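Please take a moment to look over the sequence and the model together before reading on. The explanation is meant to be followed with both in view.

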Amino acid sequence: MQPTELTADCCIVGGGPAGLMLGYLLARSGLSVVVIEKHPDFLRDFRGDTIHPSTLEIMRHLGLLDELLTLPHQRAEKLQAEVAGQEITMADFSRLPVQCRFIAFMPQWEFLNFLASKAAAFPGFTLLQSTAFDDLIYAEGEVSGIKTLQGNDTRIIHTSLVIGADGRNSQVRAKAGLQSKSFGSSRDVLWFRLGKQGSDPKWGMGHKGPKQNFIVIDRGDYWQCGYTIQKGEFDALKLAGLETLKQAMAEVAPFSAERMADLDGWDKLKLLSIRIDRLDQWMKPGVLCIGDAAHAMSPIGGVGVNLAIQDAVAAANCLTLPLKKGHVTLRDLQKVQQRRQFPTVATQFLQIKMSSNKRKRTTPSKVPQMISRFPFLRHLFGRLIGLGFRTEKPEHLNE
Ligand SMILES: Cc1cc2nc3c(=O)[nH]c(=O)nc-3n(C[C@H](O)[C@H](O)[C@H](O)COP(=O)(O)OP(=O)(O)OC[C@H]3O[C@@H](n4cnc5c(N)ncnc54)[C@H](O)[C@@H]3O)c2cc1C
């Protein structure tokens, strides 16, 4: 029988990249931390599987890099795209001032399992899976814990700090009444898998995307494919029929419509809604949101996971000492937002510019043309994608 009440220095809602990294860092500093995750495992919808040089550098500081890189992954030293029939290097990581000058493509569940297993080595760390956030609990006007649900069972977790790391549809931010600004998005993505065939190109198609509106990621024995569509277009595509969709995809994909035989029903396609938004205030007394819960990111540049991890490191840096003293003030929480506001705003600004709906599907973006004209730009993009606008280094590791 599970205890119906728990007490921890910090309770984190959401076992995604942000929540698990913060849980790991706080537990490593000797704090007690409970991470609750509504799913029973980390095998969830495709949400990107890029681990960028900035995150790999954090793993190096934590002494976890070598072991992480023993897990199956592919490396991309450059990101290439095919635009109007021309192959262009969009981002080059070869001059980054870090040890790993590549993106590691690793299924996100492998990365999350790895982080969770490393965190579990610390006595203060507890991960409660199949446990959903239900509500905030207040004492004297300040958040003093949460109520969780596991099936029909309710549990109370008492804590002086609740972290909302529960992603783009964050219930923590909704219950805390934190206001967000939406920046919309004109696109959605259709995700599906194609089994590999002997006749497929061997030239690392996985890192050649996005091929105009088509992305292909090498997942070992299958290709993870993504096809971007206009928001709201899905119902019309369904009416037109699967064969018409395959023909349209074949125009921009490295596969013919016939080669997409695996795609034999609409249940094989997943519609993933893209959204960009940001909270005005990431906190109120006793609660702080980080990662997508504070700022939902678009998949453009594949930077959301890495931004979420950087938020977690910044939160650990700012909050470890106050947590150890047993009192986290609103000012302490504001420091986290102040630290992460600029990189978030700047990254979202670029994502919004790059997904501008003024551009028609058939009109190539001007960005690749500029990059092919001015090659130094591919190093600049390599820096922005690989390291972002501000990197974070974990502190207080052995205090
Ligand atoms: C289609 C698509 C493709 C993307 N591709 C990439 C990419 O290639 N690279 C990249 O870096 N980023 C990518 N992103 C963005 C990336 O997915 C997010 O920015 C990143 O996952 C944010 O991490 P997070 O930890 O803040 O939130 P999440 O990864 O969303 O994790 C939140 C966690 O909270 C849990 N949770 C939610 N509600 C509750 C609740 N009520 N109770 C308990 N637990 C709860 C969820 O189950 C989840 O595990 C993509 C996004 C989309 C939509």
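What follows is a walk through this predicted model, beginning with the domains and going on to the ligand and some single residues.

The chain is divided into two parts, and the assignment gives domain 1 as 4-45 + 61-73 + 103-182 + 276-356, while domain 2 is given as 187-273. If you mark the C-alpha centre of domain 1 and that of domain 2, you will find them 32 Å apart. Where the domains meet, five residues of domain 1 and seven residues of domain 2 take part in the contact.

Turn next to the ligand, which is surrounded by 33 residues, the closest being Glu37, Thr50, Asp292, Gly302 and Val305. Sorted by character, the residues of this shell comprise 13 nonpolar, 12 polar and eight charged ones. Several polar atoms can be picked out around the ligand: a polar side-chain atom of Thr50 is 2.7 Å from a nitrogen atom of the ligand, and a polar backbone atom of Lys38 is 3.1 Å from a nitrogen atom of the ligand. On the backbone of Gly304, an N or O atom lies 3.1 Å from an oxygen atom of the ligand. How much of the ligand does the protein bury? Taken alone, the ligand exposes 990 Å², and 95% of that is buried by the protein. Helix 1 (17-28), strand 10 (132-139) and helix 8 (304-325) are the elements that give two or more residues to the shell around the ligand, and helix 8 gives the most, with four residues.

Glu37, one of the residues closest to the ligand, deserves a longer look. Glu37 sits in the loop between strand 3 (33-36) and strand 4 (50-51). Is Glu37 buried or exposed? Its relative accessible area is 9%, and because a residue counts as buried under 20%, Glu37 is buried. The side chain of Glu37 reaches two backbone nitrogens, that of Gly15 at 2.8 Å and that of His39 at 2.9 Å. Apart from neighbours within four places in sequence, the residues in contact with Glu37 include Gly14, Gly15 and Gly16, as well as Leu127, Leu128 and Gln129.

Strand 10, already named for its part in the shell around the ligand, is also where Phe133 is found. Phe133 counts as buried because its relative accessibility is 12%. Along the sequence Phe133 and Ile36 are 97 residues apart, yet their C-alpha atoms are 7.4 Å apart in space. Not counting residues up to four places away in sequence, Phe133 touches Val13, Ile36, Ile146, Lys147, Gln171, Val172 and Lys175.

A further buried residue is Leu56, with a relative accessible area of 0%, and Leu56 is found in helix 2 (residues 53-61). Leu56 and Leu69 are 13 residues apart in sequence, and their C-alpha atoms are 9.2 Å apart in space. When neighbours within four places in sequence are left aside, Leu56 is in contact with Ile51, Leu65, Leu68, Leu69, Cys100, Phe102 and Ala104.

The last stop is helix 11 (residues 376-386), in which Leu377, His379, Phe381, Gly382, Ile385 and Gly386 are buried. Helix 11 is followed by Gly388, which has a positive phi, near 80°.

Notes. Residues are numbered from 1 along each chain as its sequence is written. This is a predicted model: local features need pLDDT of at least 70, side-chain atom pairs count only at pLDDT 80 or more; totals for chains, interfaces and linings use all residues. Side-chain values use heavy atoms; hydrogens and water are left out. A residue is near a molecule or strand if one of its heavy atoms lies within 4 Å of it. A polar contact is a pair of N or O atoms within 3.5 Å; within protein, one must be able to donate a hydrogen and the other to accept it, and residues adjacent in sequence count only if both atoms are side-chain atoms. Accessible areas come from the Shrake-Rupley method with a 1.4 Å probe; for residues, only the protein chains shown count as cover. Ala, Val, Leu, Ile, Met, Phe, Trp, Tyr, Cys and Pro count as nonpolar, Asp, Glu, Lys and Arg as charged, and the others, Gly among them, as polar. Buried means under 20% relative accessible area, exposed over 50%, partly exposed in between (1.4 Å probe, protein chains only). Contact means heavy atoms within 4.5 Å. Domain bounds come from an automatic or database domain assignment.
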